[in-house]
Amino acid sequence: MRNEVNFMKTSEFIGDVRHIPTEVIQPTLNNPRGTVTKHESFERLVSSIDRVGILVPIVVAALPKARGEIKYELVDGERRFRAAKELGKQTVPAHVLHG
């Protein structure tokens, strides 16, 4: 089975950065990297985010219909998202894709 890749134009999300509660974001089941593991590089990322915050916002897609509390699906930045959650961050900066 071949994976389909949908390309988004950068203009579809540039300038639309919001601070979104982590509890309303669901990681995608189609992460091309697979499962995020807690190796040394992940711990370095956690440490960096703890010191300076998330410098590059994650990318989420607004769901057409909320699934309970879940309103967004994570498109890019799963390691940053999981590191922020590990630090107990209540919100993460995110570019929001619409439609």
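## Walking through the fold, from a salt bridge to the core

Because they sit four residues apart in helix 1 (residues 40-52), Glu40 and Arg44 are separated by about one helical turn. Their side chains meet in a salt bridge, with 3.0 Å from N to O. Side chains of opposite charge can pair when their charged atoms come close. Glu40 is exposed, with a relative accessible area of 60%. Keep in mind as you look around that this is a predicted model.

Now zoom out for a moment. The chain has two helices and five strands, and if you read along the sequence they follow the pattern β-β-α-β-β-α-β. Of the 99 residues in the chain, 35% are buried. The accessible surface comes to about 7,000 Å², and carbon and sulfur atoms account for 51% of that. How far apart in sequence are the residues that touch each other? Take the contacts between residues at least 6 apart in sequence: 79% of them join residues at least 24 apart.

Back to the charged pairs. The chain has three salt bridges, and you've already met the one between Glu40 and Arg44. Another links the side chains of Glu78 and Arg82, at 2.8 Å from N to O. Here, too, the spacing helps you see the layout: Glu78 and Arg82 are four residues apart in helix 2, so about one helical turn separates them. Is Glu78 buried or exposed? Glu78 is buried, because its relative accessible area of 11% falls under 20%. Its partner Arg82 is partly exposed, at 35%.

The salt bridge still to visit joins the side chains of Asp76 and Arg80, at 3.4 Å from N to O. Asp76 is partly exposed, with a relative accessible area of 41%. What about Arg80, buried or exposed? Its relative accessibility is 18%, so Arg80 counts as buried.

Let's stay with Arg80 a little longer. You'll find Arg80 in helix 2 (residues 78-86). Besides pairing with Asp76, the side chain of Arg80 reaches the backbone oxygen of Pro57 at 3.0 Å. Which residues does Arg80 touch, once its neighbours within four places in sequence are left aside? They are Leu45, Ile49, Ile54, Val56, Pro57 and Ile58.

Arg80 has buried company in its helix. In helix 2, Glu78, Arg80, Phe81, Ala83 and Ala84 are buried. What covers the buried residues of helix 2? The cover includes strand 2 (25-27), helix 1, strand 3 (58-67), strand 4 (70-76) and strand 5 (91-97). After helix 2 comes Gly88, which has a positive phi near 80°.

Next, the strands. Strand 2 and strand 4 run parallel and are joined by three bridges. Strand 3 and strand 4 run antiparallel, with five bridges between them. A good place to look is Glu73 in strand 4: Gln26 stands opposite Glu73, and Ala61 stands opposite Glu73 as well. Strand 3 and strand 4 form a hairpin with two residues between the strands, where Gly68 takes a positive phi near 70°.

Finally, turn to the nonpolar side chains. In soluble globular proteins, nonpolar side chains tend to be buried together. The largest nonpolar core here has 19 residues, and the members that touch the most others are Ile20, Ile25, Ile58, Val60, Tyr72 and Val92. Helix 1, strand 3, strand 4, helix 2 and strand 5 each supply at least two residues of this core. Which element gives the most? That's helix 1, with four residues.

To get a feel for this core, pick out Ile25. Leaving aside neighbours within four places in sequence, Ile25 is in contact with Ile20, Ile58, Val60, Ile70, Tyr72, Leu74, Phe81 and Val92. Some of those names should ring a bell: Phe81 is one of the buried residues of helix 2, and Ile58 is also among the contacts of Arg80. So as you turn the model, try starting at the salt bridge between Asp76 and Arg80, moving on to Ile58 through its contact with Arg80, and ending at Ile25, which is in contact with Ile58.

Conventions:
Residues are numbered from 1 along each chain as its sequence is written. Side-chain values use heavy atoms; hydrogens and water are left out. Buried means under 20% relative accessible area, exposed over 50%, partly exposed in between (1.4 Å probe, protein chains only). A polar contact is a pair of N or O atoms within 3.5 Å; within protein, one must be able to donate a hydrogen and the other to accept it, and residues adjacent in sequence count only if both atoms are side-chain atoms. Contact means heavy atoms within 4.5 Å. Accessible areas come from the Shrake-Rupley method with a 1.4 Å probe; for residues, only the protein chains shown count as cover. A salt bridge is a side-chain nitrogen of Lys or Arg within 4 Å of a carboxyl oxygen of Asp or Glu. A nonpolar core is a set of buried Ala, Val, Leu, Ile, Met, Phe, Trp, Tyr and Cys residues joined through side-chain atoms within 4.5 Å. Two strands pair if DSSP finds at least two bridges between them.
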